[in-house]
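Please open the structure in your viewer and keep the selection tool at hand. The stops below each say what to select and what to look for there.

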Amino acid sequence: MRNCLVLFFFLFSLHTAQGHGLPVDSVYNALKKEGYTDHQIALKLLDSTEAYYYAKPYLALEYALKAEDIFYQKKDKRHAAVAYSYIGYIYHNLDLRKAALDYYTKAFKLFRETGYDAMKAWNFVNIGNVYYDEELFDMAKLYYDKALVLFEKHHLLHGISVVMLNYGLIKQSQNEPDSALYFYNRSLEYRKKDGYKFGIAHILTYIGNIKNEMGDFAAAINVINSSNDLIRESGEKQHVIHRQLSVNFVSLSRNYVSMKKYPEALLSADSALHYALNLSDTNRIIGALTLKAEIWDATGAINKAINAYQEAKTLSYLSNKHEKTAAIYLNLAKIFIKQGKSDEALDYINAHIALQEVIAKDRNVQKLLELRIAFETFTRDAEILLLKTKNTQNRRIIALILLSGFMLLFFLSYYFYFRIKRTKRAHQIIEALFDGYLIHKNGIITDTNKAFLKFTAYKKEDVLKKSIYDFIPQEMHQTIRKDINDNGKNAFYRTKLRIKSGSFADVDIEALTISFMGKKMRVIAVKDIREEVYNTRQVALFKTIIEQNYDTIIITDAQGNVEYVNPSFTKMTGYNYQETVGKKLEFLSEGPHNDTLYSSLWTTLKSGQVWQGQLKNKAKSGKIFWEQATITPIKENNQIIKFAAVKKDITERVLMEQRQIIFIEQLSKIFDKIDAFVFVIDLASQEILFNNEAAKKEFSINKNADYKKTIFQDDHSGFVPLPKELIDEDDNMYQRSIRKEVFIKRLGSWYDFVFQLIKWTGDKKAILLVAYNVSMHKKHIDELNELNATKDKFFSIIAHDLKNPFHSILGFTEILLSNIDLNETEKVKQILTHIKEVVHNTNELLENLLEWARSQTGAIQPNPKNFKLQDAAALIIKIFEKQASTKKIVIKKDIPQDLIVFSDEQIFNLVLRNLISNAIKFSNIGGVVTVSAIQRDDDVMLSVQDNGLGIPEEIRESLFKIDAKFSAKGTMGEKGTGLGLILCRELVEKNKGYIFADSVFGKGSKFSFTMQPQQENEEMA
């Protein structure tokens, strides 16, 4: 209700005089009366432009155009350029991109003239944004790259952050979410450096959106909530805060919708609408209302959804948002279609179509508007040019001036010919005097030399006529300016110089004045000191690292006398530098048991090799401590001149290992008394650290074996990897365990594995694996499941599959009796045909049921003999020829003449009959059924293939299972018993073979079973 009231007042305001914004002439006259100058008024108009960017863009445009006009008249190029940028920004927001690009380009030209690098960079960003909206991403990136060079030059972290953000937007638009997230995080890093909370929040919103796109909805919600907290703390202007919160709550709502958390989604959409109403932002209000409607539609609150769409439609229509209105019309039509209200749906579809025509016309008007703006810009530039040339009388005067200039140039060329020769000689002298140089006049470079160009990688045309300020950091500009103004005094300073790559190089600069041909020239001599500065920094860096290093660092001379110890040495031993220098490190030794160790240590070091090991030493306080030491010989001219030692205090680790060794010994005694198989496996190397006696006997494995190459390497089941959660070192795994059931073929047993992450000796991460042999248990469960399924199948057949046919026969009999006196011969024949079909199907079912029952009770005992496969198959095929002909199906045979199998012939006949019957049943009219056989290494495989209906993948796995009966009608409505394939499987397995199926749904099926090949010394059937 509150939203409706607020929305009413908002709609009312659309027809008033654009809120408190006054026409530009009224503002100008009012400020003029208050005594403001034109320049001051223009600055105030720019402030108003920024305030009305979004709420009243056309009013903001009037203010910006008026301000630009004033600045132009006052020849204030810098502020005129700012006004051009504002105009471009407004046109961009109004989707007049061509006009926006024109004004951004004009702004850039003025900023270039005024040397205002920061604004040049922002203009590059604005131009890139236009190309981004046009989806010309390569062009957009080109301008973002230009902006980045300028932002880095002046260390503008905000600008760098924005460029990184835009790179991310490009990657997101190109459907590269991982790359987009990388650049968003880079942007966030730069933003955090300047601590601007609102900017950080803005970037977090994009990170939240990309997380949503990647399907990580919970993370997206957390990030956007963090963004909201920062926005509220930022202290920005209220309208800025509300605008960003409105955007964020829309994102939150869509995340909740993705997670199907509709109450939370609705609350977030309400918040988005609240802030949009506070802003009077039409686009955002329409978006929030539409979002609420979508949520209500998804939750079944159709009337609420219709009301929200109606509100959004009214607002969109009154504010001429035609594309949004058309989309709402379409959504309303969809809702009315769901409700079965076809008339209302048709009305909205017609309205949608009509509005699309209006949108097409609007686009043409927009193109005309862009052309008009371009024409006005061209006209204005032409007027300026005309003013500059208004004193020119006619072309003949211009021609006369040009001719005079040409003659003057001809006579002066002799003079400059000799001057150039002398100048060339001067250049050769300067080239010899300096590493690199720049000659400038009032800061504008007039010449340079090869050494400078080689050092900086510039070409000469990149340097000439450029300002020296383009190559010197901002903080040095004042110094250079003072040098230029000091009338040629010599100066020396150390600074940085921008080189071709865009980075800065360390240089020494000497500015001096030399005389040549009676004129003074100002020369800047440049010396590359990058290597010197690098070496100085490295020394300082290494010193800092050594002084602040937590580990002990010691340097001795070639005889082992201490020359240097860092503060960590004093902290560990209690001895300071004065107490230690000049001594040998053996003074720390805990006792005589270290004598042999030190002897070995010095033997290794004096041979030029690195020594590593553990030392047990005594501190000044008498406390015993352990060190892990690495001592390295330092050589000069292949001679050892010093030794450097790095030592780490490992006292706690050594004591822990000692305690753990005692614990493991006790644990081993306990584990050896239980029946379970126990392993401890190193998480990093996957080496077996421990196994109990039961495990050794069961798996024939000793300690230190490789887990990957032992019990779990199997040619059937393959390597069973450690659980991924453990490999990823998820600390939560310390609180829970993972179970796996695995069959190990070489042992022929099933095992139940329990994995648990633990800490082993030396705080080492390891996996405790406890295994149990569950083969017998699993066998009993499988047998029980099979018995239950058999029982269920039997009762299902009795209750349904046998009962229904008799009902059919009774029904048909009653109809037959009631019609027998009516002499309706055809009808009686039809009824008798149905009865025959039911009796036939029931008989087939009973036969299969009896055969299946015999197989279950063990009554079927195979009696295999050698027989010719082709002859046996031919008899079965002959039985089905008539049945196949009714569907015009051809049965083909592809069985070698001399192929003999060793099988029970009755079982073979029953299986083949079932398979051919099924193939005919599921083949289309005019289909082909192929019976083929091949001799393989250890068996003979016979296949029955058709090109009929095929079997869906979800059914294929359960074809031969007793507990998943599958019965489908054939292509002419033929019914099956559902027992045929199950019976085939059991009989084939009794005959020492196996059966399987291959099928592509819609293209046909192939059923195959195997038999034993011909056996020598066996009779033929």
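Begin by selecting T290, which sits in helix 15, the helix spanning residues 282-299. Bear in mind throughout that the model is predicted. T290 has a relative accessible area of 14% and is therefore buried, since the cut-off for that class is under 20%. If you then display its surroundings, leaving aside residues up to four places away in sequence, you will find T290 touching Y309, A312, I328 and N331.

Next, select helix 10 (residues 177-194) together with helix 11 (residues 197-213), whose axes lie 9 Å apart and make an angle of about 165 degrees. Because angles over 145 degrees count as such, helix 10 and helix 11 are roughly antiparallel to each other. Their crossing is left-handed. To see the contact itself, show the side of helix 10 made up of P177, A180, L181, Y184, N185, S187, L188, R191 and K192, which meets G199, I200, I203, L204, Y206, I207, I210 and K211 in helix 11. Sorted by class, this contact of helix 10 with helix 11 comprises 11 nonpolar, three polar and three charged residues.

Keep I207 selected and add Y91, Y144 and V163, for these four are the residues with the most contacts inside the largest nonpolar core, which has 115 residues. A second core, separate from that one and made of 41 residues, includes F867, A872, F880 and F1009.

From A872 and F880, extend the selection to helix 33 (residues 869-885) and helix 34 (residues 905-921), the axes of which come within 10 Å and cross at roughly 35 degrees. The crossing of helix 33 and helix 34 is right-handed. On the helix 33 side, L869, A872, A873, I876, I877, F880, Q883 and A884 meet E905, F908, N909, L912, R913, I916, S917 and I920 of helix 34. By class, the contact of helix 33 with helix 34 has 11 nonpolar, three polar and two charged residues.

The last two stops concern the backbone. Most residues other than glycine have a negative phi. Select H155, in the loop between helix 8 (137-153) and helix 9 (157-173), where phi is near 55 degrees, a positive value in a residue other than glycine. H155 counts as exposed, at 52% relative accessibility.

Finally, go to K992, in the loop between helix 36 (980-990) and strand 21 (995-1000). Phi of K992 is also positive, near 65 degrees, and K992 is exposed, with a relative accessible area of 67%.

How values were computed:
Residues numbered from 1 in each chain as written. Predicted model: local features only at pLDDT ≥ 70, side-chain atom pairs only at ≥ 80, totals over all residues. Heavy atoms only, no water. Axes fitted to C-alpha atoms, helices over the stretch in contact; angles between N-to-C directions. Helix = DSSP H or I, 4+ residues; strand = E, 2+ residues; numbered from the N terminus. Parallel < 35°, antiparallel > 145°, perpendicular 65-115°, else oblique. Left-handed = near helix turned anticlockwise from the far one by under 90°. Contact = heavy atoms within 4.5 Å. Nonpolar A, V, L, I, M, F, W, Y, C, P; charged D, E, K, R; others polar. Core = buried A, V, L, I, M, F, W, Y, C linked by side-chain atoms within 4.5 Å. Buried < 20%, exposed > 50% of the residue type's maximum accessible area, 1.4 Å probe, protein only.
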